Amino acid sequence: MTQSIINSTIKPFKATAYHNGEFVPVTEQDLLGKWSVVFFYPADFTFVCPTELGDMADHYAKLQSMGVEVYSVSTDTHFTHKAWHDTSDTIKKINFPMLADPTGVISRNFGVMIEEEGLALRGTFVINPEGQVKVAEIHDLGIGRSAQELVRKIQAAQYVATHDGEVCPAKWQPGDETLAPSLDLVGKI
(Lines give C-alpha, C1' and ligand atoms only; values in the text may rest on other atoms or scores of the structure.)
Protein backbone atom coordinates (compact mmCIF):
# COMPACT_ATOMS: atom_id res chain seq x y z
CA MET A 1 0.00 0.00 0.00
CA THR A 2 1.37 3.41 -0.99
CA GLN A 3 1.26 6.11 1.67
CA SER A 4 -0.01 9.53 0.66
CA ILE A 5 2.46 12.38 0.53
CA ILE A 6 -0.11 14.65 2.23
CA ASN A 7 1.00 15.49 5.81
CA SER A 8 4.31 13.69 5.25
CA THR A 9 7.51 15.51 6.19
CA ILE A 10 9.80 16.50 3.34
CA LYS A 11 12.83 14.28 2.91
CA PRO A 12 16.42 15.53 3.10
CA PHE A 13 18.02 16.88 -0.06
CA LYS A 14 20.93 19.06 -1.17
CA ALA A 15 20.79 21.09 -4.35
CA THR A 16 22.39 24.01 -6.12
CA ALA A 17 20.03 26.73 -7.26
CA TYR A 18 20.40 29.59 -9.67
CA HIS A 19 19.04 32.58 -7.74
CA ASN A 20 19.48 36.30 -8.30
CA GLY A 21 22.52 35.84 -10.54
CA GLU A 22 24.31 33.41 -8.22
CA PHE A 23 24.65 29.70 -7.58
CA VAL A 24 23.46 29.00 -4.04
CA PRO A 25 23.07 25.84 -1.97
CA VAL A 26 19.53 24.84 -0.93
CA THR A 27 18.52 22.00 1.40
CA GLU A 28 15.25 20.89 2.95
CA GLN A 29 16.23 22.99 5.98
CA ASP A 30 15.75 26.15 3.89
CA LEU A 31 12.07 25.28 3.53
CA LEU A 32 11.42 25.15 7.28
CA GLY A 33 10.00 28.08 9.23
CA LYS A 34 7.92 29.48 6.37
CA TRP A 35 5.39 28.34 3.79
CA SER A 36 7.03 26.99 0.65
CA VAL A 37 6.04 25.88 -2.82
CA VAL A 38 8.14 23.25 -4.56
CA PHE A 39 7.24 23.56 -8.25
CA PHE A 40 8.53 20.74 -10.49
CA TYR A 41 8.63 21.03 -14.27
CA PRO A 42 10.11 18.74 -16.95
CA ALA A 43 12.90 20.77 -18.54
CA ASP A 44 14.41 24.15 -19.38
CA PHE A 45 14.22 25.41 -22.97
CA THR A 46 10.84 23.76 -23.60
CA PHE A 47 7.30 24.90 -24.39
CA VAL A 48 4.74 24.72 -21.56
CA CYS A 49 7.40 25.15 -18.85
CA PRO A 50 8.24 28.80 -19.57
CA THR A 51 4.55 29.71 -19.59
CA GLU A 52 4.13 28.17 -16.14
CA LEU A 53 7.31 29.69 -14.71
CA GLY A 54 6.40 33.09 -16.17
CA ASP A 55 2.94 32.83 -14.59
CA MET A 56 4.56 31.93 -11.25
CA ALA A 57 6.95 34.90 -11.61
CA ASP A 58 3.94 37.17 -12.18
CA HIS A 59 2.41 35.95 -8.88
CA TYR A 60 5.66 35.82 -6.91
CA ALA A 61 5.23 39.22 -5.20
CA LYS A 62 1.78 38.15 -3.97
CA LEU A 63 3.17 34.86 -2.67
CA GLN A 64 6.04 36.68 -0.96
CA SER A 65 3.52 39.03 0.73
CA MET A 66 1.82 35.87 2.08
CA GLY A 67 5.13 34.65 3.57
CA VAL A 68 5.64 32.00 0.86
CA GLU A 69 8.90 31.13 -0.91
CA VAL A 70 8.83 29.38 -4.28
CA TYR A 71 11.41 26.83 -5.39
CA SER A 72 11.18 25.68 -9.01
CA VAL A 73 12.84 22.32 -9.71
CA SER A 74 13.81 20.44 -12.86
CA THR A 75 16.36 17.74 -13.59
CA ASP A 76 18.49 20.28 -15.47
CA THR A 77 21.75 21.57 -13.97
CA HIS A 78 22.14 24.97 -12.34
CA PHE A 79 24.30 25.96 -15.33
CA THR A 80 21.38 25.23 -17.67
CA HIS A 81 19.07 27.29 -15.44
CA LYS A 82 21.47 30.23 -15.74
CA ALA A 83 21.71 29.86 -19.52
CA TRP A 84 17.92 29.76 -19.81
CA HIS A 85 17.56 32.75 -17.50
CA ASP A 86 20.11 34.69 -19.59
CA THR A 87 18.44 33.96 -22.94
CA SER A 88 14.66 33.95 -22.31
CA ASP A 89 12.72 37.15 -21.64
CA THR A 90 10.07 35.12 -19.79
CA ILE A 91 12.58 33.36 -17.53
CA LYS A 92 14.44 36.64 -16.84
CA LYS A 93 11.37 37.65 -14.78
CA ILE A 94 12.06 34.86 -12.25
CA ASN A 95 13.25 36.03 -8.84
CA PHE A 96 12.75 32.74 -6.97
CA PRO A 97 15.40 30.00 -6.63
CA MET A 98 15.61 27.58 -9.58
CA LEU A 99 16.83 24.28 -8.12
CA ALA A 100 18.91 21.84 -10.13
CA ASP A 101 18.06 18.16 -9.65
CA PRO A 102 20.25 16.37 -12.24
CA THR A 103 20.41 13.18 -10.14
CA GLY A 104 16.63 13.14 -9.63
CA VAL A 105 16.85 12.83 -5.83
CA ILE A 106 14.38 15.64 -5.15
CA SER A 107 12.03 14.50 -7.93
CA ARG A 108 12.03 10.96 -6.49
CA ASN A 109 11.49 12.31 -2.95
CA PHE A 110 8.25 13.92 -4.15
CA GLY A 111 7.20 11.01 -6.39
CA VAL A 112 7.30 12.92 -9.69
CA MET A 113 10.30 11.36 -11.45
CA ILE A 114 9.69 9.79 -14.86
CA GLU A 115 12.51 7.25 -14.67
CA GLU A 116 12.66 6.28 -18.34
CA GLU A 117 12.92 9.94 -19.43
CA GLY A 118 14.98 11.42 -16.58
CA LEU A 119 12.40 14.21 -16.25
CA ALA A 120 9.97 15.34 -13.58
CA LEU A 121 6.23 15.46 -14.03
CA ARG A 122 4.54 18.82 -13.39
CA GLY A 123 4.23 18.64 -9.62
CA THR A 124 3.22 21.39 -7.20
CA PHE A 125 3.67 20.89 -3.47
CA VAL A 126 2.73 23.36 -0.73
CA ILE A 127 4.75 22.83 2.44
CA ASN A 128 3.89 24.34 5.80
CA PRO A 129 6.51 25.91 8.13
CA GLU A 130 6.91 22.57 9.93
CA GLY A 131 7.97 20.87 6.69
CA GLN A 132 4.74 18.95 6.06
CA VAL A 133 3.16 18.67 2.63
CA LYS A 134 -0.32 20.22 2.71
CA VAL A 135 -1.13 20.38 -1.02
CA ALA A 136 0.06 17.99 -3.71
CA GLU A 137 -0.91 18.36 -7.35
CA ILE A 138 0.63 16.35 -10.18
CA HIS A 139 -0.06 16.91 -13.87
CA ASP A 140 0.92 15.06 -17.02
CA LEU A 141 3.52 16.87 -19.13
CA GLY A 142 1.08 18.53 -21.54
CA ILE A 143 -1.15 20.14 -18.90
CA GLY A 144 -0.06 23.56 -17.60
CA ARG A 145 -0.88 24.92 -14.14
CA SER A 146 -2.32 28.19 -12.83
CA ALA A 147 -0.40 30.24 -10.26
CA GLN A 148 -3.59 32.16 -9.44
CA GLU A 149 -5.32 28.94 -8.35
CA LEU A 150 -2.20 28.00 -6.39
CA VAL A 151 -2.40 31.32 -4.51
CA ARG A 152 -6.01 30.51 -3.54
CA LYS A 153 -5.04 27.03 -2.32
CA ILE A 154 -2.24 28.45 -0.19
CA GLN A 155 -4.59 31.07 1.26
CA ALA A 156 -6.97 28.25 2.22
CA ALA A 157 -4.14 26.14 3.70
CA GLN A 158 -2.89 29.10 5.73
CA TYR A 159 -6.42 29.88 6.94
CA VAL A 160 -7.08 26.30 8.04
CA ALA A 161 -3.67 26.20 9.79
CA THR A 162 -4.57 29.24 11.92
CA HIS A 163 -8.30 28.61 12.51
CA ASP A 164 -8.69 25.38 14.45
CA GLY A 165 -11.94 23.57 13.72
CA GLU A 166 -12.68 25.43 10.46
CA VAL A 167 -12.41 24.17 6.90
CA CYS A 168 -12.63 25.94 3.54
CA PRO A 169 -15.34 24.81 1.09
CA ALA A 170 -14.99 24.65 -2.70
CA LYS A 171 -13.99 27.91 -4.42
CA TRP A 172 -13.36 29.55 -1.01
CA GLN A 173 -11.74 32.99 -1.19
CA PRO A 174 -10.36 35.03 1.72
CA GLY A 175 -13.30 36.72 3.43
CA ASP A 176 -15.78 34.01 2.43
CA GLU A 177 -17.52 31.93 5.06
CA THR A 178 -15.89 28.72 6.18
CA LEU A 179 -17.39 25.58 7.64
CA ALA A 180 -17.06 24.11 11.12
CA PRO A 181 -17.57 20.37 10.64
CA SER A 182 -20.05 18.99 13.15
CA LEU A 183 -22.89 16.53 13.47
CA ASP A 184 -25.31 19.42 12.81
CA LEU A 185 -23.92 19.85 9.26
CA VAL A 186 -24.24 16.20 8.22
CA GLY A 187 -26.64 16.00 5.28
CA LYS A 188 -27.40 19.75 5.31
CA ILE A 189 -24.87 20.96 2.74
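Gly-104 is buried, because its relative accessibility is 0% and the cut-off for buried is under 20%. This is a predicted model, and Gly-104 sits in the loop between strand 5 (98-100) and helix 4 (105-109). Compare its position with that of Ile-154. The two residues are 50 apart in sequence. In space, 26 Å separates the C-alpha of Gly-104 from the C-alpha of Ile-154.

Now move to Gln-155. This residue belongs to helix 5. Is Gln-155 buried or exposed? Its relative accessibility is 15%, so Gln-155 counts as buried. What does Gln-155 touch, once neighbours within four places in sequence are left aside? Its contacts are Lys-62, Met-66, Trp-172, Gln-173 and Pro-174.

Next comes the sheet. It is open and has 7 strands. Their order is 2-1-5-4-3-8-9, and the pairing is mixed. Strand 2 (22-27) and strand 9 are the edge strands, and each of them pairs on one side only. On average, neighbouring strands of this sheet are turned by 25° against each other, with direction ignored.

Helix 1 (residues 48-65) packs on this sheet. Helix 1 touches strand 3 (35-40), strand 4 (68-74) and strand 8. The direction of helix 1 makes about 165° with that of strand 4. Helix 5 also meets the strands. It lies across strand 3, strand 4, strand 8 and strand 9. Relative to strand 3, helix 5 runs at about 145°.

Look at the end of the strand order that holds strands 8 and 9. Strand 8 covers residues 122-127. How do strand 8 and strand 9 pair? They pair in the antiparallel sense, over 6 bridges. Take Ile-127 as an example. Its bridge partner in strand 9 is Val-133.

Val-133 leads to the largest pocket, as it is one of the lining residues. Among the others are Gln-3, Ser-4 and Ile-5, then Ser-8, Thr-9, Ile-10 and Lys-11. Asn-109, Phe-110 and Gly-111 line this pocket too. The space in the largest pocket is about 180 Å³. By class, its lining has 6 polar, 4 nonpolar and 1 charged residues.

The second largest pocket holds about 150 Å³ of space. Which elements each supply at least two residues of its lining? They are strand 9 (133-139) and helix 5 (147-162). Helix 5 gives the most, with 6 residues. The lining includes Lys-134, Val-135, Arg-152 and Lys-153. It also includes Ala-156, Ala-157, Val-160 and Ala-161. By class, this lining has 6 nonpolar and 3 charged residues, with no polar ones.

Cys-168 lines the second largest pocket as well. Where is Cys-168 in the chain? It lies in the segment after helix 5. Cys-168 has a relative accessible area of 22%, so it counts as partly exposed. The range for that class lies between the buried limit, under 20%, and the exposed limit, over 50%.

Finally, see what surrounds Cys-168. Leaving aside its neighbours within four places in sequence, Cys-168 is in contact with Ala-156, Tyr-159, Val-160 and Thr-178. Ala-156 and Val-160 also appear in the lining of the second largest pocket. Leu-179 is 11 residues from Cys-168 in sequence. From C-alpha to C-alpha, Cys-168 and Leu-179 are 6.3 Å apart in space.

Note on methods:
Residues are numbered from 1 along each chain as its sequence is written. This is a predicted model: local features need pLDDT of at least 70, side-chain atom pairs count only at pLDDT 80 or more; totals for chains, interfaces and linings use all residues. Side-chain values use heavy atoms; hydrogens and water are left out. On a 1 Å grid over the protein atoms alone, a cavity is a set of points where a 1.4 Å probe fits but cannot get out, and a pocket is an open set with protein on both sides within 12 Å along at least five of seven lines; lining residues have an atom within 4 Å of a point. Grid points are joined across faces, edges and corners, and a volume is the space filled by probe spheres set on the points. Ala, Val, Leu, Ile, Met, Phe, Trp, Tyr, Cys and Pro count as nonpolar, Asp, Glu, Lys and Arg as charged, and the others, Gly among them, as polar. Helices (H or I, at least four residues) and strands (E, at least two) are DSSP runs, numbered from the N terminus. Buried means under 20% relative accessible area, exposed over 50%, partly exposed in between (1.4 Å probe, protein chains only). Contact means heavy atoms within 4.5 Å. Two strands pair if DSSP finds at least two bridges between them. Axes are lines fitted to C-alpha atoms, for helices over the stretch in contact, and angles run from 0 to 180 degrees between N-to-C directions.
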